Amino acid sequence: MEEAMSVLVVGASGSVGSAVVTGLVERGVEVRASSRTPQKLSLSAEVRVFAADLNEPESFASALETVDRVFLYADLAEPEALIAAFASAGVRHVVLLSSSSATSPGASEDFNGSRFLRVERAIEESGLAYTFLRPGGFASNAARWSWGVKGENAVPLPYPDAVQVPIHEQDIADVAVIALTSDTLIGRTPILTGPDRLTLRDQVAIIGEVIGRTVAVIEQTEAESAAMLSRYVPEVWVRQIIKDWREAVGTTPVISDEYTRITGAPSRTFRTWVEDNARLFR
């Protein structure tokens, strides 16, 4: 990478984005970070922080000066204008945190899949070089169970036998850093998963083992689960989460070896994620 260039991390407040910043700093890369609320970022002193809003492409003008590569989280409803701003500013390569849902049958009609597809297509049509990282379910989704674990040693779930292959967010960040500091992943769309198929019930049991307490699963109806989730997430996400769980019961999801192939290291387990975040559940 040319010395005069730098990398902009959009979404540096998220678990993946903040880990990408850390990984780039460790490699000696000049890093910039943008956020709608930059005052809330807690990053190392050498990172230049900019206030910018995904829905206001013009707000990125200063942040994009001399930027060669961008790490982007795909949480924007109308990506075309922002991608055009990247291209006109001279950005060469966009590394997108997309989702494996973009590859599923019927993705274009699915709420989750369609929003990722739209961002991917905007980047492809812009002519910019790209890498689309397509992780499956995040291990960190288990964080939403923390209140039940701490309060009642129990996790209420409508489909405890839903099967997932949860991925540690650091694995995603590791691949993003490689993509942002070399050309080896240009044009690639790796699907990223953890190393193990686990039911939600398995995940709850692992949390209990790590914190040294038995954590029960309380089976709910969909209506009970929706009422509970709606206190924390928007309605459209409530429907998506429950649908994903329902459809994952009895499945055998693919385990990807892309992380190991790209990094040469084994994928981090769900247990490792829980150990790294045990404070959430104690």
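How many of the five residues of strand β2 (residues 31–35) are buried? Five of the five are, so to speak, under cover: β2 is mostly covered. Welcome to this predicted model, in which seven strands form an open sheet with parallel pairing. The points below start from β2 and then move on to the whole sheet, its cores and its aromatic rings.

**Strand β2 and its partners**

- Both faces of β2 are covered, with V31, A33 and S35 buried on one side and R32 and S34 buried on the other.
- In general, side chains in a regular strand alternate between the two faces of the sheet.
- Strand β1 (residues 6–10) runs parallel to β2, and four bridges join the two.
- For a place to look, find L8, whose bridge partner in β2 is R32.
- β2 also pairs with strand β3 (residues 48–51), again in the parallel sense and over four bridges.
- Here S34 stands opposite F50 of β3.
- Helix α1 (residues 15–26) joins the picture too: together with β1 and β2 it makes a right-handed β-α-β unit.

**The whole sheet**

- Reading across the open sheet, the strand order is β3-β2-β1-β4-β5-β6-β9.
- The edge strands are β3 and β9 (191–192), each of which pairs on one side only.
- As a general point, strands of a sheet pair through backbone hydrogen bonds, in either a parallel or an antiparallel way.
- Helix α5 (residues 169–181) lies across five of these strands, namely β1, β4 (67–73), β5 (93–97), β6 (129–135) and β9.
- Relative to β4, α5 runs at about 155 degrees.

**The nonpolar cores**

- The largest nonpolar core has 31 residues, and V9, V20, L24, V31 and F71 have the most contacts inside it.
- At least two residues of this core come from each of β1, α1, β2, β5, α5 and α9 (258–263).
- Helix α5 gives the most to this core, with eight residues.
- F71 is a helpful residue to click on: leaving aside neighbours within four places in sequence, F71 is in contact with L8, V9, V10, V16, G17, V20, V95, L97, A176 and L180.
- There is also a second, separate core of 27 residues, which includes V70, V94, A102 and I123.

**Aromatic pairs**

- A search of the whole structure finds five aromatic pairs.
- In one of them, the rings of Y130 and F132 have their centres 4.3 Å apart and their planes at 15 degrees; stacked pairs have planes under 30 degrees apart, so this pair is stacked.
- F132 has 0% relative accessibility and therefore counts as buried.
- Another pair is W273 and F281, with ring centres 6.2 Å apart and planes at 70 degrees; because that angle is over 60 degrees, the pair is edge-to-face.
- Both W273 and F281 are buried.
- Ring pairs also link F270, W273 and F281 into a cluster.

**A serine beside the ring of contacts**

- Which residues does S146 touch, not counting residues up to four places away in sequence? S146 touches L280 and F281, and F281 belongs to the cluster with F270 and W273.
- S146 is found in helix α4 (residues 146–152).
- With a relative accessible area of 15%, S146 is buried, because the cut-off for buried is under 20%.

Methods:
Residues numbered from 1 in each chain as written. Predicted model: local features only at pLDDT ≥ 70, side-chain atom pairs only at ≥ 80, totals over all residues. Heavy atoms only, no water. Buried < 20%, exposed > 50% of the residue type's maximum accessible area, 1.4 Å probe, protein only. Pairing = 2+ DSSP bridges. Right-handed = clockwise from strand over helix to strand, strands pointing away. Phe/Tyr/Trp six-rings, centres within 6.5 Å; stacked < 30°, edge-to-face > 60°. Contact = heavy atoms within 4.5 Å. Axes fitted to C-alpha atoms, helices over the stretch in contact; angles between N-to-C directions. Core = buried A, V, L, I, M, F, W, Y, C linked by side-chain atoms within 4.5 Å.
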